[in-house]
Amino acid sequence: MLHSIIEMLHSIREMLHSIIEMLHSIIGANTGENNRILIRGTVVLMKKNVSDFTDLRWSIIDRVYELVGKGVSLQLVSAVHADPMVYEKELSQTKKKANGLQGKVGKPAYLKGRITTITPLTAGESAFKVTFDHDEEIGQPGAFIIRNNHRSEFYLRTLTLEDVPGHGSIHFVCNSWVYPADKYDTDRVFFTNQTYLPSETPGPLRGYRERELVNLRGDGIGELNEWDRVYDYAYYNDLGNPDEDPEYARPVLGGSVEYPYPRRGRTSRPPSETDPNTESRLPRRKSLNIYVPRDERFGHIKMSYLYKGFGLLHEFEAPGDSTHNEFDSFQDVLDLYEGLQFPTPQVIQEDRSAWRTDKEFAREMLAGLNPVLIRLLQEFPPESKLDPEVYGNQNSSITKEHIGNHLDGLTINKALEEKKLFKLDHHDTLMPYPRRINTTSTKTYASRTVLFLKDDGTLKPLAIELSLPHPDGDKFGAVSKVYTPAEHGVECSIWQLAKAYAAVNDSGYHQLLSHWLNTHAVIEPFVIATNRQLSGLHPIKKLLDPHFRNTMNINALARQILINAGGVVERTFYPSKYAMEMSSVVYKNWVFTEQALPADLINRGMAEKDSDAPHGLRLVLDDYPYAVDGLEIWSAIETWVEDYCSFYYKTDEMVEKDSELQTWWKELREEGHGDKKDEPWWPKMHTVKELIDTCTIIIWVASALHAAVNFGQYPYAGFLPNRPTISRRFMPEEGTPEYEEVESNPEKAFLNTITSRQQALRGISVIEILSRHSSDEVYLGKRDTPEWTLDATPLIDFEKFGRKLADIEENIIERNGDQRFKNRVGPVNMPYTLLYPTSEDGLTGKGIPNSVSI
């Protein structure tokens, strides 16, 4: 009944509005009032996605507000004429006062038809008209103030003004949630798509520019609510849950020499009851409600599928299976896909057994899920960098006798000289941990794998070394055993297990370090610092902003259910409760400048500088798909960034004198990556080149590097035997029941050693979610708003960037079809596409989103 009344009142209001407009035209013709100039605009917004009675009630009340002449008001702010009134505003936590002129503010204009139907159950964008009276004292609008007098928020996409006298169309790109006005202490202000360095900002806009940044920084204290827009820093002190169980206590990461770490976004939750240094946690059912600034939250499309996906995670069981929590055979694993419980991973789509070959095992180090770790072997035997005073002799026990007869006629020294030997080395990273990890249900080794480059460009594994700490203490060195390839009998089954132990090491390293630490965690401080210190008018904010989309939200969600104590990672990967601690120790060696792809390849010995080679680098291994595709992407990003930055910064002096830029870089180093603030390798940010190099690294890490290590998770690791995440018993020794099982039933022995059924189902479920593209994804070389800047030259350069990426797609397709490049497809007949820039939604194994958004 109430709904019908509101609809009737709305119809009456529209009819009265039409009559008033007609009368106004008649009166205006007689009084000359029609000579006034109107500026017509279009507002694009998205109403809140609602599905409950409370929101429906507010929707009806909002309709009443609309009928009585309230609703959403907008006021234009002049970029050229200041209000004669001097304003004073407390601009910082230090209570420093600043005086200045604010731009002339026009009369309020209201949206017409803010609500035309009851708020739908699915959110979608709608366009609304707004009309402003042109005021010559306003002149060129540079911003607008918006007030939401409704009871619920909406997402403001854009405002476009048409036929502004002397200026034509003016675009405001907003992309922000606007809550009811009583939720804010100051007005919400949005600027045009014009770009200004701080010193170039028109006087009437400078106060607004500075005040907006003050609002985004917050005051560092108090509770943060969902409508808040505050970006602030905190340590990783929210992973443990000692209130639930002392077993779930975890060290604070960040702020100490022992456990350094990048900063995360502050959530303002109170301390736990049992440990004042640990932040309390949200109940699992409220995981998606963890605080991040409202504009950093997922859109409704991604939120919907994440809510559904993570909501289905549970302790998987297998009714009717004789061993309940174990796979009896590889066919048991394959039944997961043949029964359509899960999509078939690409790695077994063409061939169900090719993943077991040595050639595929080696190929995935170059074109698989973790292609960022393989190194050129430059000394034999491989040496350790662990402190011998603490860990004794940790050098490799692989000898000439293990590999000397498998080098295609070369001596070891000659193979080293010709750069034919490579290694996948997890030894030093893991060796401090097995003594503790192996007290849990996990039984793991620290591994080294040595490989040889054949004449056809493929790698073959020569030996795998599995090491444990000496039982008498670390200072006595390692206890190691070396395994070599075999094709028949029990020796073949033992070799398959050796590869599995190495794969377990690599899976954990990939998830915790290559993926989480080196993309998700290290990028978040850049997101925070950029929003705190760079105005929306700043060219570098406009450049980087698309590459930060959803990062804070996915990281917050990860802290809540994935990397937390007792979370999915601890229950699914071998480091168990020591997982995040281990990532902190590895962060000690993180160097920002080495995140550049060329620097990384050189550091690993996989490339050498060569001015005559493409991109100035010559790859040591020509058929290295990740490096070949990656260098093309890197070069395209670098060219785009150079074109863009050079347009706004003509001299090094302009970089040095950019106050916002310098404050941003200082805060990033001293706060965001504060445990690394004294490192000598940080760029000084004194030159245009340093700015270009820095922004190129940020964009590379957030887009292409993350894509390379994320979206292959399900295609490669969705079949757990190919990428096991846990080993549950040690290598069987002759004379034991486990060894007899290897002899009598090698498949069951293999499956009883690696990830269990329950762990596999949990892990597969998670990586299926994390490997999917949502339909609202925005890919590298694209923007969600074409009018993201007013400047024509950057728009042209961005189009050129997009065309270059399209050319790279063609190059990737061509290389994948070239039979000379055997590492691009491999025995599993799975083309390497993880750095193919675009994608459809779903599980595609390709596509480079702009940001770490999943």
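Student: How many aromatic pairs does the structure hold?
Tutor: The model is a predicted one, and the pairs counted here are computed from its atoms. A pair of aromatic rings is described by the distance of the centres and the angle of the planes. In this predicted structure, the number of aromatic pairs is 35.

Student: Are the rings of Trp590 and Trp682 stacked or edge-to-face?
Tutor: The centres of the rings of Trp590 and Trp682 are 6.2 Å apart, and their planes stand at 65 degrees. Planes over 60 degrees apart count as edge-to-face. Because the angle is 65 degrees, the pair formed by Trp590 and Trp682 is edge-to-face.

Student: How many residues apart in sequence are the parts that the pair of Trp590 and Trp682 ties together?
Tutor: Trp590 belongs to the loop between α16 (579-587) and α17 (597-603), whereas Trp682 belongs to the loop between α20 (659-672) and α21 (688-710). The pair therefore ties together parts whose separation in sequence, in residues, is 92.

Student: Is Trp590 buried or exposed?
Tutor: A residue counts as buried when its relative accessible area is under 20%. Trp590 has a relative accessibility of 5%, and its partner Trp682 is likewise buried, with a relative accessible area of 4%. Trp590 therefore counts as buried.

Student: Which residue has its charged end over the ring of Tyr236?
Tutor: Tyr236 is part of one aromatic cluster, whose members include Trp590 and Trp682. Over the ring of Tyr236, 6.0 Å from its centre, sits the charged end of Arg559.

Student: Which helix gives the largest share of the largest nonpolar core?
Tutor: The largest nonpolar core has 183 residues, and those with the most contacts inside it are Ile540, Leu543, Leu601, Tyr626 and Trp700. The largest share of this core amounts to 21 residues, and these come from residues 489-533, which form helix α12.

Student: How many residues are in the second, separate core?
Tutor: Ala109, Phe128, Ile170 and Val178 are among the residues of this second core, which is separate. Its number of residues is 23.

Student: Why is there no bond between the sulfur of Cys645 and the closest cysteine sulfur, and in which residue is that sulfur?
Tutor: A disulfide is a covalent bond between the sulfur atoms of two cysteines. The sulfur atoms would have to lie within 2.5 Å, but the sulfur of Cys645 is 4.7 Å from the closest cysteine sulfur, which is therefore too far for a bond. The structure holds zero disulfides, and the residue with that closest sulfur is Cys695.

How values were computed:
Residues are numbered from 1 along each chain as its sequence is written. This is a predicted model: local features need pLDDT of at least 70, side-chain atom pairs count only at pLDDT 80 or more; totals for chains, interfaces and linings use all residues. Side-chain values use heavy atoms; hydrogens and water are left out. A nonpolar core is a set of buried Ala, Val, Leu, Ile, Met, Phe, Trp, Tyr and Cys residues joined through side-chain atoms within 4.5 Å. Buried means under 20% relative accessible area, exposed over 50%, partly exposed in between (1.4 Å probe, protein chains only). Helices (H or I, at least four residues) and strands (E, at least two) are DSSP runs, numbered from the N terminus. Rings of Phe, Tyr and Trp (its six-membered ring) pair if their centres lie within 6.5 Å; planes under 30 degrees apart count as stacked, over 60 as edge-to-face and the rest as tilted. A charge sits over a ring if NZ of Lys or CZ of Arg is within 6 Å of the ring centre and within 35 degrees of the ring normal.
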